[in-house]
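Visitor: I'd like to know what stands behind the labels people attach to a model like this one. Could you take me through a few of them?

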Amino acid sequence: MSDLHSVVQVVIGPNPPDRLDKALARDVPEGAALSRSRLMRLIADGAVRRGAEVLDQPRARVAEGEVIEIAVTHGAEVDTVAQDIALDVVWEDDDLIVINKPAGMVVHPAPGSPDQTLVNALLHHCGDTLSGVGGERRPGIVHRIDKETSGLLVVAKTDRAHHGLAAQFEAHSTARRYLTVVYGAPDAADPRLHGVRGTNFEAGNILKITTQLARHRTDRQRQAVTFTGGRHAVTRARVLEAFGTPPSVALVECWLETGRTHQIRVHMAHVGHALIGDPVYGGRRKLSEKTLGAGVQACADFPRQALHAATLGFKHPVTGGDLSFSAEIPQDMQRLIADLRG
């Protein structure tokens, strides 16, 4: 299966709003089914044009009568069926369910992954109680983590919960912390890092990375750091444990002020501390057996990006109560850390 592509033409009507995103949200044909949040992503991805001009700023001005073209990619149709797949359920009530997703599981069906996804498992576990807001392929899905990333995510079982959770993710009020193993060890004493655009250190040797993120210009499967256009992204990171002398690998805690596609992976690579095992952004670095011993081979053999969504906190979208969950680091990362310590 391959993605399907179409171009949506929008004719700007009289007295347009003073921003591109608002004008498109007002004038886009209803049959295109493009929400304002989807339009914002398409603008950031460079999919919106006025003639030959790419409009990648939501604040761009448009005029009455202008024709704006939006290139839209649609996943090929897939049948979403219930499948009896074991789930690690951390919490469940009438409104939501929190899952500890294993590495290797795709969140929802898509071209290339038509089944055996978290959604297929949820349809079997929850029956017809999942929120319908996400559509047939994404029922209840409020946020995602990558296929090869393990850890926590929350799924809505009612439309009310879906809207309430989505608003919290949109406002960046959820608490999400990740554990990862990276090359090197970010340190405020490293003069190199002070020369990397978009970085600074906060009290407690906390690295703050602030950039824009957008689709890579030539590889549409990747994200890239940019400082013009794209979507605002902020990541903080601190070293929990360093391995080697001088440190050549570290266990790092990252937390998100925003939540963008591949954000931690792209940001850590941007500052020169790519994730161990990341085939897209990490590459392979030469490590010293003299300082790391068996850890060198363990890093070389690690089959996925070493990233785990360890904690998740939010307000219950119906009761308003504070909820916080944690998931133990998975066994493959535990073994990697043990080899690095050894």
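Visitor: What makes R236 count as buried?

Guide: R236 has 15% relative accessibility. Buried means under 20% relative accessible area, exposed means over 50%, and partly exposed is in between, using a 1.4 Å probe and protein chains only. R236 therefore counts as buried. Keep in mind that this is a predicted model, where local features need pLDDT of at least 70, side-chain atom pairs count only at pLDDT 80 or more, and totals for chains, interfaces and linings use all residues. Residues are numbered from 1 along each chain as its sequence is written, and side-chain values use heavy atoms, with hydrogens and water left out.

Visitor: Why is the pairing of R236 with E202 called a salt bridge?

Guide: The closest N and O atoms of R236 and E202 are 2.9 Å apart. The rule asks for a side-chain nitrogen of Lys or Arg within 4 Å of a carboxyl oxygen of Asp or Glu, so the pair of R236 and E202 qualifies as a salt bridge. E202 itself, at 28% relative accessibility, counts as partly exposed.

Visitor: What makes R236 and E202 a link between distant parts of the chain?

Guide: R236 sits in strand β12 (residues 231-243) and E202 in strand β9 (residues 199-202), 34 residues apart. Helices (H or I, at least four residues) and strands (E, at least two) are DSSP runs, numbered from the N terminus.

Visitor: How do you know that R341 and E241 form a salt bridge, and where are they?

Guide: Their side chains meet at 2.8 Å, N to O, which puts R341 and E241 within the salt-bridge cut-off. R341 is in helix α9 (residues 331-341) and E241 is in strand β12, 100 residues apart. R341 is exposed, with a relative accessible area of 54%, whereas E241 is partly exposed at 25%.

Visitor: Which residues do shared salt-bridge partners join into one network?

Guide: That would be R50, E53 and E66. The structure holds 16 salt bridges.

Visitor: Why does D93 have no salt bridge?

Guide: The nearest side chain of opposite charge, K157, is 6.1 Å away from buried D93, so the pair misses the cut-off. For charge, Lys and Arg count as positive and Asp and Glu as negative, while His and the chain ends are not counted. D93 lies in the loop between β5 (89-92) and β6 (96-101). A polar atom of the D93 side chain is 2.8 Å from the backbone nitrogen of D95.

Visitor: How do you know that there are zero disulfides?

Guide: A disulfide is a pair of cysteine sulfur atoms within 2.5 Å, and by this rule the count comes to zero. For C254, the nearest cysteine sulfur is that of C299, 16 Å away, so C254 is in no disulfide. C299 is in none either, its nearest cysteine sulfur being that of C254.

Visitor: Are C254 and C299 buried or exposed?

Guide: Both fall under the buried cut-off: C254 has 0% relative accessibility and C299 has 1%.

Visitor: What makes S35 partly exposed?

Guide: S35 has a relative accessible area of 37%, which means that it lies between the buried and exposed limits. S35 is found in the loop between α1 (20-27) and α2 (36-44).

Key:
Polar contact = N/O pair within 3.5 Å; in protein donor to acceptor, adjacent residues only side chain to side chain.
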